[in-house]
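These are my notebook entries on a single structure. I record what I looked up, one topic at a time.

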Amino acid sequence: MDDDSILTTLKILIIGESGVGKSSLLLRFTDDTFDPELPATIGVDFKVKTITVDGNRAKLAIWDTAGQERFRTLTPSYYRGAQGVILVYDVSNRSTFTKLDIWLNELETYSTRTEIIKMLVGNKKDKEDRRDVSVEEGTKFARKHSMLFIEASAKTRDGVQCAFEELVEKIIQTPGLWEVDDYKGITVSETRSSNGRCGGYCFI
């Protein structure tokens, strides 16, 4: 299928503390692979994937950033122009959850779009025996900050595809985020309510 059938190109960010599995989520989504020995991201990783959501094809430019403080010099340009962000924490590591406010503050500081769609992902849900953050806590935090929410596991695939699809669906439902003059003639397919469609906890 050629690029003429693509509705829009979206810039998606993945942010969160080092070690929460940001790169693993990206690799699972784009290449359907999982590497338990994946090294920490240095600077920024970048991948492109085209998906179809509710009959609309969108090309995603997904940016994966290092969680370590020493790479923060990239921050302003990294956030510029993004329509969606996936904020990741590790359900088996409470400190990655308590630091979410810091990442949200950074997003508000550098984001150039006031309507940017946010998806909170509690990764590593396969580590149920080591769970340190409850589903209820994740839900409460997401509601408080008007975010979509789902728990996922890059290791088992659970929830990964859903997280990206729900985020893209919500962006497409917010035309001011992505429409430019070239797309005025395009009618977005009728979108249905996504609540529970993937068995997640998605809401805004």
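**Entry 1. The nonpolar cores.** I began with the largest nonpolar core of this predicted model, which holds 32 residues. I asked which of its members touch the most other members. They are Leu10, Leu60, Ile62, Ile86, Val121, Val168 and Ile171. I then looked up where the core residues come from. At least two residues each are supplied by strand E1 (6-16), H1, E2, E3, strand E4 (84-90), strand E5 (117-123), E6 and H6. The element that gives the most is H6, with eight residues.

I took Leu10 as a case to follow. Setting aside neighbours within four places in sequence, I found Leu10 in contact with Ala58, Lys59, Leu60, Ala61, Gln83, Val168, Ile171 and Trp178. I also noted another core, lying apart from the largest one. This other core has 21 residues, and among them are Ile15, Tyr79, Leu104 and Phe149.

**Entry 2. Helix H6.** I turned next to H6, given its eight residues in the core. Helix H6 spans residues 160-172 and has 13 residues. From its first C-alpha to its last, H6 reaches 19 Å, which is close to the 18 Å expected at 1.5 Å a residue.

Is H6 buried or exposed? I found 11 of its 13 residues buried, so H6 is largely enclosed by the rest of the structure. The buried residues of H6 are Val160, Cys162, Ala163, Phe164, Glu165, Glu166, Leu167, Val168, Glu169, Ile171 and Ile172. Val168 and Ile171 appear here again; both are in the group that touches the most other members of the largest core, and both are in contact with Leu10.

**Entry 3. Helix H1 and its packing against H6.** I looked up the burial of H1 (residues 22-31) in the same manner. Nine of the 10 residues of H1 are buried, so this helix too is largely enclosed by the rest of the structure. I list them as Lys22, Ser23, Ser24, Leu25, Leu26, Leu27, Arg28, Phe29 and Thr30.

At what angle do the axes of H1 and H6 cross? They cross at roughly 85 degrees and come within 9 Å. As angles of 65 to 115 degrees count as roughly perpendicular, H1 and H6 are therefore roughly perpendicular to each other. On the H1 side the contact is made by Leu25, Arg28 and Phe29, and on the H6 side by Val160, Gln161 and Phe164. By class, I recorded four nonpolar residues, one polar residue and one charged residue in this contact.

**Entry 4. Positive phi values.** I searched for residues with positive phi. H1 is followed by Asp32, whose phi is positive, near 55 degrees.

Asp54 is not a glycine, yet its phi is positive at about 50 degrees. I located Asp54 in the loop between strand E2 (44-53) and strand E3 (56-65). Asp54 has a relative accessible area of 14%; since buried means under 20%, I entered Asp54 as buried.

Ser146, likewise not a glycine, has a positive phi of about 55 degrees. Ser146 sits in the loop between helix H5 (135-144) and strand E6 (148-151). With 40% relative accessibility, I entered Ser146 as partly exposed.

**Entry 5. Two further loop residues.** Thr33 is in the loop between H1 and E2, and its 37% relative accessibility makes it partly exposed. Not counting residues up to four places away in sequence, Thr33 touches Leu27 and Arg28. I also recorded 8.7 Å between the C-alpha atoms of Thr33 and Ala154, which are 121 residues apart along the chain.

Asp158 is in the loop between E6 and H6. Its relative accessible area is 37%, so I entered Asp158 as partly exposed. With residues up to four places away in sequence left out, Asp158 touches Lys125, Glu151, Ala152 and Ser153. The C-alpha atoms of Asp158 and Lys125 are separated by 8.4 Å, with their positions 33 residues apart along the chain counted as the separation.

**Entry 6. The chain as a whole.** I closed with the overall counts. The protein chain has six helices and six strands, and from the N terminus on they run β-α-β-β-α-β-α-α-β-α-β-α. Of its 204 residues, 50% are buried. Among contacts with a separation of 6 or more, 74% join residues 24 or more positions apart.

Notes:
Residues numbered from 1 in each chain as written. Predicted model: local features only at pLDDT ≥ 70, side-chain atom pairs only at ≥ 80, totals over all residues. Heavy atoms only, no water. Axes fitted to C-alpha atoms, helices over the stretch in contact; angles between N-to-C directions. Helix = DSSP H or I, 4+ residues; strand = E, 2+ residues; numbered from the N terminus. Parallel < 35°, antiparallel > 145°, perpendicular 65-115°, else oblique. Contact = heavy atoms within 4.5 Å. Nonpolar A, V, L, I, M, F, W, Y, C, P; charged D, E, K, R; others polar. Buried < 20%, exposed > 50% of the residue type's maximum accessible area, 1.4 Å probe, protein only. Core = buried A, V, L, I, M, F, W, Y, C linked by side-chain atoms within 4.5 Å. Expected span 1.5 Å × (residues − 1).
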